[in-house]
Amino acid sequence: MSLPSVTATLLQSGGALPEWTALAPTLALALTALALLLVDSISPETKNNALLAGTTAVGSFVSLAFSGWYLAAGTGQSGTGGEIVLYGEALVVDGMYLFFSAIFASVAAMVAIASYDYLAGKEYQGEFYALTMLAATGMTLMASANSLASAFVALELASLPSYALVAFLKKNKGSVEAGLKYFLIGALSSAIFVFGISLVYAVTGSLLFSDVAEALGETELVGVAGVGVLMIAGGFAFKTASVPFHFWAPEAYEGAPAPISGFLSSASKAAGFAVAFRVFVEAFSLSAIPEGINWVILFQILAVVTMTLGNFAAATQDTVKRMLAYSSIGQAGYVLIGLAALAGGASSQNGDVMGAAMAHLFVYGFMNTGAFLFIALTEHWGIGRTFEDFNGLASKAPMACAAMALFMFSLAGLPVGGGFFSKYFLFANAVFAGFWWLAALGAINSALSLFYYSRVVKAMWIEDATSEFEIRSKPVGLYAGIMIAAVGTFLLLPAFGPIIETAQTAASALFGA
Amino acid sequence: MNPWIAIGALAVMGVGIPLGMMAVSAILRPSVPEQGKSAIYESGEIPTGTTRIRFNIQYYMVALLFVIFDIETVLIFPWTVIYRSALESGVGLGKVLFPMLLFIGILTMPLVWAWRNGAVEWVKSPRATSRKVEGES
């Protein structure tokens, strides 16, 4: 009798399932989007939010289950024959794709559950969920892109629904303004990105990552290639809300419906990092790239500037949602260490530090989405936006405020949630890789961030209420979303071991090729 | 001789002849300003109103739907060319026909959605409606 794990290791490579099923996490999200469009076609005016949110959540959970199953079964990983390459090498399924798909699916599920209340009574609900699912599909494709062309198309598939979602509250000036700003900066950075791709193609004659790496090693057009690499890095800086393309983030996150802010700042950011990791490690591999193009220094500068700017700007904000937006820029700076603390040659530290960055994104997906869902809850109740408006809220809604305190402390890196270990591993691995100064700057910024994160907690728990709250209801969906995020954040503290192991194995496989 | 000289000469002639013709006719012709000459030309109709009117935003939706299916045609065309020879050389129907049906199916789904949500339903312009009411009364 064979053990389940033995039969499972042969899922795709042994012929138990056809090869295309390796993309099941993406396909589940895409089919959910089509199903939602179908529902919306049958009854365009439907306000049956339970059906729509339920379908979205189920689809996300199915996608998450596929990712988890494949990760456990070893699909596309070194144990079972390595990565699975599909569609003329346009897409690749490996540990990293599955890891990031799990992040996107869990964030999408939380957003869908919370939107059940947030969207109650609003128009165009079917479109909202369909666009969310399409964006999530694009994000998983970004994580699996194996050529610059599919990376660009996937990036657009993730971006275009996001623009519409940010401007979803059509009658709300802030939402429309945020959507327009996001769209304009997005269009500009997409143009820069695709221009960079064309330059790299001009130099290397290929769009496939492996061919690009090979051709870059022998090229004489170092200058053109360098400009191309720089422009492509700019495109990723937009998607991850890093300096210098971070301007859209505070506006878009503040104006967008709060669940969408959570979706963008967690899942969309992680997607940007997923594709950036793969492009820079595989296509612009440090071992093959000419001496003149040292992108590690570029990311070192970007990491330091992004985390410092994000944290200092967050410390000066008056409104909580905007503070969270700037803090998410600061967090992007920490994750950039995953690209900044790399060294040439086959160092095993490379995989470790990038894996730590991936694990941080995983934890971040829960704690940051949770924080924005709490903002969604306060918007649902009609509580104001500033820190003072939150004064004494804990006396009325202790459960939600306890969860919010957990998110804040975990984001700051205190040992109450998974954020502690993810930051610790990120900085520790940067030190091991020889970049102690990056880790030191990260730790200083992290200490500063405790100041503004604890302001929220202080307002909620310590200050007395300045005005009466009119809390009429306890919305089930929003509470459920926040609680899933809280339980996830908390459980990732004891269960961080498997996460970091999976992430570091996946990242090492990327370097091992 | 440098072949670019011929192209340069063609460019000089191409720009020079029309400019020269306009200059010569401007010198020779008498100037008779007249209102009919400066009026908007609407195929012989008497012009009504100005050009600064609002277009219906629906043109944009129709154009968007058109672009999608225009590109679909471009992708279907090479498929039709290889379809028969692929079947004759023994590639199964599932591999030749099914992916294209899936592709068209995926594109049809949003079309149905757009149709049901009123993208191709022609809204009556408020101006036309008001004029009609005025005419009846």
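How many residues of chain A are in contact with how many residues of chain B? The count is 6 residues of chain A against 6 residues of chain B, where contact means that two C-beta atoms, placed from the backbone, lie within 7 Å. On the chain A side, those residues split into 4 nonpolar, 1 polar and 1 charged. For that split, Ala, Val, Leu, Ile, Met, Phe, Trp, Tyr, Cys and Pro are nonpolar, Asp, Glu, Lys and Arg are charged, and the others, Gly among them, are polar.

Some ground rules before going on. This is a predicted model, in which local features need pLDDT of at least 70 and side-chain atom pairs count only at pLDDT 80 or more, while totals for chains, interfaces and linings use all residues. Residues are numbered from 1 along each chain as its sequence is written, and chains are lettered from A and ligands numbered from 1 in the order in which they are written.

**Chain B**

Chain B has 6 helices and 0 strands, with helices (H or I, at least four residues) and strands (E, at least two) taken as DSSP runs numbered from the N terminus. Along the sequence that reads α-α-α-α-α-α. Just 1% of its 137 residues count as buried. Buried here means 20 or more other C-beta atoms within 10 Å of a residue's own, exposed means 12 or fewer, and partly exposed is in between, with C-beta atoms placed from the backbone. Chain B is also divided into domain 1 (4–31) and domain 2 (58–129), bounds that come from an automatic or database domain assignment. The C-alpha centres of these two domains of chain B lie 48 Å apart.

**A helix pair and the core of chain A**

Over in chain A, helix H15 (residues 398–412) packs against helix H17 (residues 436–461) at an angle of about 170°, their axes 8 Å apart. The axes are lines fitted to C-alpha atoms, for helices over the stretch in contact, and angles run from 0 to 180 degrees between N-to-C directions. H15(A) and H17(A) are therefore roughly antiparallel; that label takes angles over 145 degrees, with under 35 roughly parallel, 65 to 115 roughly perpendicular and the rest oblique. H15(A) brings A:Cys401, A:Met404, A:Ala405, A:Met408, A:Phe409, A:Leu411 and A:Ala412 to the contact, and among the H17(A) partners are A:Leu450, A:Tyr453, A:Val456 and A:Met460. By class, the residues of this contact come to 13 nonpolar, 3 polar and no charged.

A:Met404 turns up again in the largest nonpolar core, which has 203 residues. Such a core is a set of buried Ala, Val, Leu, Ile, Met, Phe, Trp, Tyr and Cys residues joined through C-beta atoms within 7 Å. The residues with the most contacts inside it are A:Phe104, A:Met142, A:Val275, A:Ile337, A:Met404 and A:Met408. Leaving aside neighbours within four places in sequence, A:Met404 is in contact with A:Ala371, A:Phe374, A:Val456 and A:Met460.

**Backbone oddities**

Most residues other than glycine have a negative phi, and most peptide bonds are trans. Against that background, A:Glu89 is worth a look: its phi is positive, about 65°, although it is not a glycine. A:Glu89 sits in the loop between strand S1 (84–86) and strand S2 (91–93) of chain A, and counts as partly exposed with 15 C-beta neighbours inside 10 Å.

A:Ala241 also has a positive phi, near 55°, but is buried, with 28 other C-beta atoms within 10 Å. A:Ala241 is in the loop between H9 and H10 of chain A. A:Pro244 is found in the loop between helix H9 (222–239) and helix H10 (248–255), and the peptide bond from A:Val243 to A:Pro244 is cis, with omega near 0°.

**Pairs along the chain**

Here are some C-alpha to C-alpha separations in chain A.

| Pair | Apart in sequence | Apart in space |
|---|---|---|
| A:Ala428 and A:Phe284 | 144 residues | 25 Å |
| A:Phe469 and A:Ile383 | 86 residues | 7.4 Å |
| A:Ala202 and A:Leu221 | 19 residues | 9.5 Å |

A:Ala428 lies in helix H16 (residues 418–432) and is partly exposed, with 15 other C-beta atoms within 10 Å. A:Phe469 lies in the loop between H17 and helix H18 (476–491) and is partly exposed too, with 18 C-beta neighbours inside 10 Å. Not counting residues up to four places away in sequence, A:Phe469 touches A:Ile383, A:Leu393 and A:Lys396. A:Ala202, in helix H7 (residues 173–204), counts as exposed with 12 C-beta neighbours inside 10 Å.
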